[in-house]
Amino acid sequence: MRAALLLAAVLAAAPAAAQDAAAPFEKSLLGLSELLGALHYLRPLCRAPEGDAWRARMAALLDAESAAPAALRERMAGAFNHGYATAHEGYHTCTPRARLLAQHYLDQGAALAEDIARRHGGS
């Protein structure tokens with residue numbers, strides 16, 4: 001359930017982020033991108049039902065940022081890849097700790113996406 005809420009929040013935040021190419025919230029976008037990368041690795045590792053949804057949500061976020069400078073989009077893609085690689089380095093099987101970390105990332109990502117949408121969505 002929390003995964004579905006995060007997916008919806010990411011999509012809601014993406015159009016808002018695209019409206020401001022200067023991206024005063026770049027740090028938040030990079031953090032969200034990194035969380036999506038980690039979730040893209042951890043959730044399938046623990047056999048979560050959403051499959052390739054995290055990569056698709058990152059692609060949607062990048063598409064929504066099409067008006068942003070290419071350098072920002074490259075940093076976002078790099079943050080996604082870093083999140084994935086870091087999770088891969090730490091976990092090779094689904095352990096209770098991996099499940100707990102994935103849940104933490106779901107919670108943190110939902111809060112971050114909601115904050116981006118709240119602070120920058122109506123501008």
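These questions and answers cover the fold, the disulfide, the core and helix 4 of a predicted model.

The model is predicted: local features need pLDDT of at least 70, side-chain atom pairs count only at pLDDT 80 or more, and totals for chains, interfaces and linings use all residues. Residues are numbered from 1 along each chain as its sequence is written, and side-chain values use heavy atoms, with hydrogens and water left out.

Reader: How many helices and strands does the protein chain have?
Author: Helices (H or I, at least four residues) and strands (E, at least two) are DSSP runs, numbered from the N terminus. The order of elements is α-α-α-α-α. The count is five helices and zero strands.

Reader: What share of the residues in the protein chain is buried?
Author: Buried means under 20% relative accessible area, exposed over 50%, partly exposed in between (1.4 Å probe, protein chains only). The protein chain has 123 residues. Buried residues make up 44%.

Reader: Which parts does the disulfide of C46 and C94 tie together, and how many residues apart are they in sequence?
Author: A disulfide is a pair of cysteine sulfur atoms within 2.5 Å; the sulfur atoms of C46 and C94 are 2.0 Å apart. The link is right-handed, with 105 degrees about the S-S bond. C46 lies in the loop between helix 2 (26-45) and helix 3 (53-64), and C94 in the loop between helix 4 (70-90) and helix 5 (96-120), so the pair ties together parts that are apart in sequence by 48 residues.

Reader: Which helix gives the most to the largest nonpolar core?
Author: A nonpolar core is a set of buried Ala, Val, Leu, Ile, Met, Phe, Trp, Tyr and Cys residues joined through side-chain atoms within 4.5 Å. The largest has 27 residues, and L29, L42 and M76 are among those with the most contacts inside it. Helix 2, helix 3, helix 4 and helix 5 each give two or more residues to this core. The top contributor, with eight residues, is helix 2.

Reader: Within what arc do the buried residues of helix 4 fall?
Author: The buried residues of helix 4 are L72, M76, A79, F80, G83 and A87. The face turned away from them carries exposed E74 and E89. Taking directions from the helix axis to the C-beta atoms, the buried residues line one face of helix 4, because they fall within an arc of 95 degrees.

Reader: Which helices are included in what covers the buried residues of helix 4?
Author: Contact means heavy atoms within 4.5 Å. The cover over the buried residues of helix 4 includes helix 2 and helix 3.
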